[in-house]
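Trainee: Please take me closely through the enclosed spaces in this model. I would like to know what lines them and how the surrounding elements are arranged.

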Amino acid sequence: MEDVTTVSSHGFADDFEAVLDDTSVHRSTIGCVIPAYNEEESIAQVIESLLRQTRVPDVIHVVVNNTSDRTVSIASTFAGPHEIVTELGEQFTEVFVHDIGKNPDKKVGALNYGYTLVEGYDYLLGVDGDTVADAKAVEYLESEATSDTRIGGISAIYSIDEKPIKGGIAKFLITGQRAQFAAFNLHNLLRGRNMAVLGGQFSIFSTQALREVMKENHQSTPWVKDSEVEDSLLSLQIKSAGYLTKISPFARADVGGMTTLRALDAQQVKWTYGAIELMWPGQRGDTKGQPFHPNLRVRWLENFGMLTNLFVRVAFVALLAGSLSIGAFVFSPWWLLAPAVAIALNTRMALTMGNRSARDIVFAVTLVPAEVYMWLRLSYFARSWTRFLSRKKVDNWAMQAKAERGAGLGHWTPLVVVVAVIIAMAVIWSMLGPMVQSTILWIGWPIVGVVTVLQTLSMFFKLIRRQHGYKV
């Protein structure tokens, strides 16, 4: 483990230095659970990364559900005991592979099955079947978890390995997701390392906290099947039980990214829809204090920010088109201020990435790729709220699985809607008289200007705030 002098050079907060320096001599026990569904391309790397850890989990359970590929046979090549010598000494672990067959509860069912296998351990390490962690990830997570009994769970910093990605569109989408992860990680690190969502990709949970969650919420299992975002709900329940939910400033893991528009659409809509369902007052009886729960306040602010972004962009494009159509547009250099601040903020964010590449920097500096990706996110945001408000019952898990197989046409919905709206607005605009058109522009531009100024100020404050040496 790194000594205090090395840690201090990273510029991290003093409280984490104490964690690494004051770890108890008691060795905790860690049971790892890997829920896996059709992960034949990645499961070997995932298990190998766990066996290469400086702190190897005491047991590794691969729980395969609803699979139709070679996940079981590939994982089974690692089954059995492993004696491993690391810088922390000689360690022993054993890998078990469980094929639970057809499981209607999907990932949640696999997680709960895995919990029954490790509930006697001090910690449950949840790892997705496409997540590869850095060699010291488990060591860092355990060090902080054992340092404070108030901690109910800790998440690693997530990113995506871009090196294996092929194809222009896939590289663009992965770079956008890397930027999205970076912003999410940094936001949580700067909030006192308080994590609203302990992502299931690579997080460690106190089994004592999980038992208290089950008791307080009258659940027979830690994860419940009636939520689109099982990790968000569990994080909220852990927080409500009086525990802390944290993000580690050191532990890192690369997750599986979405390389097609179809798959990204399904994933982001599922995430956003599930978050809306969780935070909406009266939607769930077990989320007390909505919308004032600390974890849910973050969700409301995120959604308000996306709504503001949607309004500014749509209103600007509509007003610009209207002004040009009647020759009333007058360019002002002040409009360049917002893009300039956005470029500076995006660039600073890219520079905080621990594994940044030249593509990340270009993505931020040129602004256009980042803006295109923001429009994609806004389309997912709008589709999620539309689906929620329509009260239409949809299995978003099944839709994501279908999209990742290359099926489904839902990702074209936003484009069809945009085209229809543009045509409708053009027809309506042409039917209005010159006086009405001028009045709309006279009222609309100041409103957009004020909102843009407030947004720019918000970005500026984010740009100049201290980042305490964190790398995401």
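Mentor: Helix H5 (106-118) and helix H9 (230-240) each supply at least two residues of the lining of the largest cavity; helices are DSSP runs of H or I, at least four residues, numbered from the N terminus. The model is predicted, so local features need pLDDT of at least 70 and side-chain atom pairs pLDDT 80 or more, while totals for chains, interfaces and linings use all residues. Residues are numbered from 1 along each chain as its sequence is written, and side-chain values use heavy atoms, without hydrogens and water.

The lining of this cavity consists of Lys107, Leu111, Gly126, Leu198, Gly200, Phe205, Trp223, Glu230 and Asp231. (On a 1 Å grid over the protein atoms alone, a cavity is a set of points where a 1.4 Å probe fits but cannot get out; lining residues have an atom within 4 Å of a point.) The lining divides into 4 nonpolar, 2 polar and 3 charged residues; Ala, Val, Leu, Ile, Met, Phe, Trp, Tyr, Cys and Pro count as nonpolar, Asp, Glu, Lys and Arg as charged, and the others, Gly among them, as polar. The largest cavity holds about 60 Å³ of space, a volume being the space filled by probe spheres set on the points, which are joined across faces, edges and corners.

There are 2 cavities of 30 Å³ or more in the structure, and the second largest has about 40 Å³. Ala196, Val197, Ser232, Leu236, Leu278, Asn295, Leu296 and Arg299 line the second largest cavity, giving 5 nonpolar, 2 polar and 1 charged by class. H9 and H11 each contribute at least two of these residues, with the largest share, 3 residues, coming from H11.

H9 and H11 also pack against each other, their axes 8 Å apart at an angle of about 135 degrees. Axes are lines fitted to C-alpha atoms over the stretch in contact, and angles run from 0 to 180 degrees between N-to-C directions. The two helices are therefore oblique to each other (neither under 35, over 145, nor 65 to 115 degrees). On the H9 side, Ser232, Ser235, Leu236 and Lys239 meet Pro294, Asn295, Leu296 and Arg299 of H11, contact meaning heavy atoms within 4.5 Å. The residues of this contact comprise 3 nonpolar, 3 polar and 2 charged. Ser232, Leu236, Asn295, Leu296 and Arg299 thus appear both in this contact and in the lining of the second largest cavity.

Definitions and conventions. 1 Å grid on protein atoms, 1.4 Å probe; cavity = no way out; pocket = protein on both sides within 12 Å on 5 of 7 lines; lining within 4 Å.
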